[in-house]
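Trainee: I am new to this structure. Please pick one loop, look at it closely, and then lead me outward from there.

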Amino acid sequence: MSRLVVISNRVALPKQTQTGGLASAMNAALQEMGGLWFGWSGNIAAETGKELHEVQEGNISYATIDMSKADHDDYYSGFANRALWPLFHYRGDLVDYRRDHLEGYLRVNRAFAKRVAKLLRKDDIVWVHDYHLIPLAAMLRELGVENRIGFFLHTPLPAAGLLITLPRHREILEPLASYDLVGVHTQRDLRALEDYFLHELGAAMRTGGRIRAANGRIFRAGVFPISIDTAEAVELAHRAEDSGAVAKLKASIDDRALIIGVDRLDYSKGLPERFEGFARLLRDHKEMRGRVSLLQIAPPSRSDVPEYRSLRRELERSAGHINGQYAEPDWVPIRYVNKSFAHKVLAGYFRVAKVGLVTPLRDGMNLVAKEYVACQDPQDPGVLVLSRFAGAAQELDAALLVNPSDLDEVSEALKRALEMPLKERRMRWQSMMDVLERNDITTWRNAFLHALTEPPKVKPEIYVPSPVTLSS
């Protein structure tokens, strides 16, 4: 049986607190197949990749390398998060391209390739994750690696017209052809990938979702919408109903309705617009004042990047202004919290909230939307208000879909959600829950690995499980 090798920027080591569905999905796959998870240790050292740190847990090996501060600054803080991240989230105005950052990005990818190539076995199946490591397969091929290698992009992929604004974009994106399979979240992302290769790189489409690159190499691209551990989310929310944290939250809101937003502090999440949309609700519908509060949980991230520090200051000012304008002695409109909470606590908070407000300007998928739906009480479910620019909107179309930049639309969707009859809430929730039960994190993982390891047939739908689609 083939061994699975997972390569990502960071590694979810055993006995560490794991966050997000990806860690659970990868560990489950590695336990089933046996394998290796390789990536950065999270530690800064004098030299990148000088030492290999290895941990064994059952049939899984974890291998990590340290990184020099210069490489971390150029590769991670620099090119990955100040050039690729804003570009892939349609924020060309925030792209900070520097040649030394790109050289550091390529340098670290080469260090990853050299280290992991020595660990690979002939029959290993390799799965590379996310924008940090786009060129990795090409560098592995240069080292003689012939294994099947798949890549999954966890961010959106913008249209070719925006991709080509990145200096030396071919050097970054053309290496995707060195993978055997490239996975994205949505049909929109897939169209962007195909358009870029066909019209910018001179590739040609073949049957079965295959793309023939200009150098003659053929690879496949497909849509694999990532999901959550649905059953676990349901169980966590059920158990959390009587927890102390949830009891305190219920007591604090009394009989008022709660709207909840949970996002990493990032400019792609549309948080300033979200605050203003909620303020518009209070401005235009005076009957809502004192009856509803917004709880926004936004743990800080990438505090070394100036744009993120600026965003935090902007949100603090906005929340203060809105609260100052509308608050009463016994009611605060916005509860803005800059810290993380355990998954089980969030599950309980989701279950209490009458509305889940998920309004990113752009998002690859947004698993918070799916978590909110899964955590609802089937007898009295809340309503999801969701940005149509989140990948999740392609599956959760029974949510109230909004343009997050249209403050009036957000305000009216919130009012509709808060006043929605029980029958309609149940109908919408059941439609979305059916999707989450069909397509959970295990389905996503198995669909990608099946497509990567199985030889292509004439019709891709024969070998790719629903709801996955490959381009044709």
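**From one loop outward**

Mentor: Start with Asp363, which sits in the loop between β14 and α13. Helices here are DSSP runs of H or I with at least four residues, strands are runs of E with at least two, and both are numbered from the N terminus. The model is predicted, so local features need pLDDT of at least 70 and side-chain atom pairs pLDDT 80 or more, while totals for chains, interfaces and linings use all residues. Residues count from 1 along each chain as its sequence is written, and side-chain values rest on heavy atoms, without hydrogens or water.

Asp363 has a relative accessible area of 10%, so it is buried. Buried means under 20%, exposed over 50%, and partly exposed in between, with a 1.4 Å probe and protein chains only. Set aside the neighbours within four places in sequence. Asp363 is then in contact with Pro156, Lys269, Phe389, Ala390 and Gly391. Contact means heavy atoms within 4.5 Å.

Now follow the side chain of Asp363. It makes a polar contact with the side chain of Asn366, at 2.9 Å. Such a contact is a pair of N or O atoms within 3.5 Å; within protein, one must be able to donate a hydrogen and the other to accept it, and residues adjacent in sequence count only if both atoms are side-chain atoms.

Asn366 lies in the loop between β14 and α13. Its relative accessible area is 7%, so Asn366 is buried. Its backbone deserves a look. Most residues other than glycine have a negative phi. Asn366 has a positive phi, near 85 degrees. At the start of α13, a side-chain oxygen of Asn366 comes to within 3.1 Å of the backbone nitrogen of Val368.

That brings us to α13 itself, residues 367-374. Six of its eight residues are buried, so the rest of the structure largely encloses this helix. The buried ones are Ala369, Lys370, Glu371, Tyr372, Val373 and Ala374. What do they pack against? Three helices take part: α8 (230-240), α12 (343-352) and α15 (422-438). Three strands do too: β11 (257-262), β14 (355-358) and β15 (383-387).

Two of those partners, α8 and α12, also meet each other. Their axes come within 8 Å and cross at roughly 75 degrees. The axes are lines fitted to C-alpha atoms over the stretch in contact, and angles run from 0 to 180 degrees between N-to-C directions. α8 and α12 are therefore roughly perpendicular to each other. The cut-offs are under 35 degrees for roughly parallel, over 145 for roughly antiparallel, 65 to 115 for roughly perpendicular, and oblique for the rest. From α8, the contact uses Glu232, Leu236, Ala237, His238 and Ala240. From α12 come His343, Lys344, Ala347, Gly348 and Arg351. By class, this contact has four nonpolar, three polar and three charged residues. Nonpolar covers Ala, Val, Leu, Ile, Met, Phe, Trp, Tyr, Cys and Pro; charged covers Asp, Glu, Lys and Arg; the others, Gly among them, are polar.

Set another helix pair beside that one. Helices α10 (residues 271-284) and α11 (residues 306-326) have axes that come within 10 Å and cross at roughly 10 degrees. They are therefore roughly parallel to each other. Residues of α10 in the contact include Leu271, Phe275 and Leu282. Those of α11 include Leu311, Leu315 and Ile322. The contact of α10 with α11 divides into ten nonpolar, one polar and three charged residues.

Last, visit a second loop, between α5 (160-163) and α6 (169-173), where Arg168 is found. Arg168 also has a positive phi, near 60 degrees. At 29% relative accessibility, Arg168 is partly exposed. Leu166 is found in the loop between α5 and α6 as well. At 3% relative accessibility, Leu166 counts as buried. Beyond four places in sequence, Leu166 touches Phe79, Ala83, Leu84, Leu87, Val95 and Tyr97. The C-alpha atoms of Leu166 and Asp96 are 9.7 Å apart, with their positions 70 residues apart along the chain.

Phe79 and Leu84 appear again in helix α2 (residues 69-88), which packs with α3 (residues 99-117) at about 115 degrees, axes 8 Å apart. α2 and α3 are therefore roughly perpendicular to each other.
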